[in-house]
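Trainee: I'd like a close look at one residue. Please start with it, then show me how the rest of the molecule fits around it.

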Amino acid sequence: MTKVVRKWFLVHNYQKEEDWLNEMAAQGYRLKKVALGKYMFEETTKDETVRMVFMDQNKEEFIEFMEDMDIEHVDTLSNWGYFRKENMSEEPKFEMFSDNESRIKHLSNILKMLLMFLAMNLFSAYSNLAIGEQVPNTWSVVVGILSLCVSFFVALVAYKMYMNIKALKENNRIQH
């Protein structure tokens, strides 16, 4: 039986999404497909762990590498890969990142993507507002204001991601 759940997660909270997917797996629902805000599951009796990873380059090679390690690629949404592996009693649960350094690198890649998106939106806001000021054009002003709003939201998300990275680095410093 197929179950569809509509749920939204923000990029800086990808861990919450991953935790929720694993809660669904623990309840007997195997992730089958991911779309923006939409998750499709099928019932299963298998004990599985789901992991998400931001794939910034060479997606196909990364997916092939994971599959060579007997880790199933479930789906891809934008640059996010969704993977799963059946839990074996004699093995530890499947983890994508085994240490803080790899987590920091992963989060830094996400932060870079957010900062590029922020820069594009700020450029759009500036361009549209400048056009709207020079040539009376309501649409340019509206698009400029919307771009500023999106920029503000992305800046907040990027800041939260930066704080997560900073906390991991501090944790690393304390441990060493």
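Trainee: Is Phe-153 buried, exposed or partly exposed, and what is its relative accessible area?

Mentor: Start with the caveat. This is a predicted model. Now to your residue. Phe-153 is partly exposed, at a relative accessible area of 42%. Buried would need under 20%, and exposed would need over 50%. At 42%, Phe-153 falls in between, so the label is partly exposed.

Next, its place. Phe-153 sits in helix H4. That helix covers 138-175. Look across to Leu-118. Phe-153 and Leu-118 are 35 residues apart along the chain, yet their C-alpha atoms are separated by 9.0 Å. Helix H3 spans 100-134.

A second pair links these parts of the chain. Take Leu-122, which belongs to helix H3. Its C-alpha atom is 9.6 Å from that of Cys-149, with the two positions 27 residues apart along the chain. Leaving out residues up to four places away in sequence, Leu-122 touches Leu-148 and Ser-151. Leu-122 is also partly exposed, and its relative accessible area is 42%. Its label follows from the cut-offs too, because 42% lies between 20% and 50%.

Now move to Ser-140. It is in helix H4. Here the label changes. Ser-140 is buried, because its relative accessible area of 8% is under the 20% cut-off. What does it touch? Beyond residues up to four places away in sequence, Ser-140 is in contact with Asn-128, Leu-129, Ile-131 and Gly-132.

Both helices also feed the interior. The largest nonpolar core has 37 residues. Leu-21, Leu-31, Phe-41, Tyr-82, Phe-83 and Ile-110 have the most contacts inside it. Helices H3 and H4 each give two or more residues to this core, as do H1 (14-26), H2 (59-68) and the strands E2 (29-35), E3 (38-43), E4 (48-54) and E6 (80-86). In soluble globular proteins, nonpolar side chains tend to be buried together.

Pick out Ile-110 from that core. Outside four places in sequence, Ile-110 is in contact with Val-11, Tyr-14, Phe-54, Trp-80 and Met-161.

Met-24 gives a view from helix H1, where it is placed. Met-24 is buried, because its relative accessible area of 6% is under 20%. Setting aside neighbours within four places in sequence, Met-24 is in contact with Lys-3, Val-5, Tyr-29 and Phe-41. Phe-41 is itself one of the core residues with the most contacts. Met-24 and Val-50 are 26 residues apart in sequence and 9.7 Å apart in space, C-alpha to C-alpha.

For contrast, look at two loop residues. Asp-70 is in the loop between H2 and strand E5 (72-77). Ser-78 is in the loop between E5 and E6. Asp-70 has a phi near 60°, a positive value in a residue other than glycine. Ser-78 likewise has a phi near 60°, again positive and again in a residue other than glycine. Asp-70 is exposed, because its 65% relative accessible area is over 50%. Ser-78 counts as exposed for a matching reason: its 57% is over 50%.

Now step back to the whole chain. It has four helices and six strands. Along the sequence they run β-α-β-β-β-α-β-β-α-α. Your residue's helix, H4, is one of the four.

The overall dimensions are worth a look. The radius of gyration is 20 Å, whereas a compact globule of 176 residues would be near 16 Å. Along the principal axes, the C-alpha atoms fill a box of roughly 70 × 50 × 30 Å.

Contacts reach across the sequence as well. Among contacts between residues at least 6 apart in sequence, 61% join residues at least 24 apart.

Last, burial and surface. Buried residues make up 36% of the 176 residues. The protein exposes about 11,300 Å², and carbon and sulfur atoms supply 58% of that area. Charged side chains come to 21 positive and 25 negative, and the centres of the two sets lie 6 Å apart.

Back to where you began. Phe-153 is a partly exposed residue in helix H4, with its C-alpha atom 9.0 Å from that of Leu-118.

Methods: Residues are numbered from 1 along each chain as its sequence is written. This is a predicted model: local features need pLDDT of at least 70, side-chain atom pairs count only at pLDDT 80 or more; totals for chains, interfaces and linings use all residues. Side-chain values use heavy atoms; hydrogens and water are left out. The radius of gyration is taken over C-alpha atoms; the globule rule is 2.2 Å times the number of residues to the power 0.38. Buried means under 20% relative accessible area, exposed over 50%, partly exposed in between (1.4 Å probe, protein chains only). Contact means heavy atoms within 4.5 Å. Accessible areas come from the Shrake-Rupley method with a 1.4 Å probe; for residues, only the protein chains shown count as cover. Lys and Arg count as positive and Asp and Glu as negative; His and the chain ends are not counted. The place of a charge is taken as NZ of Lys, CZ of Arg, CG of Asp or CD of Glu. A nonpolar core is a set of buried Ala, Val, Leu, Ile, Met, Phe, Trp, Tyr and Cys residues joined through side-chain atoms within 4.5 Å.
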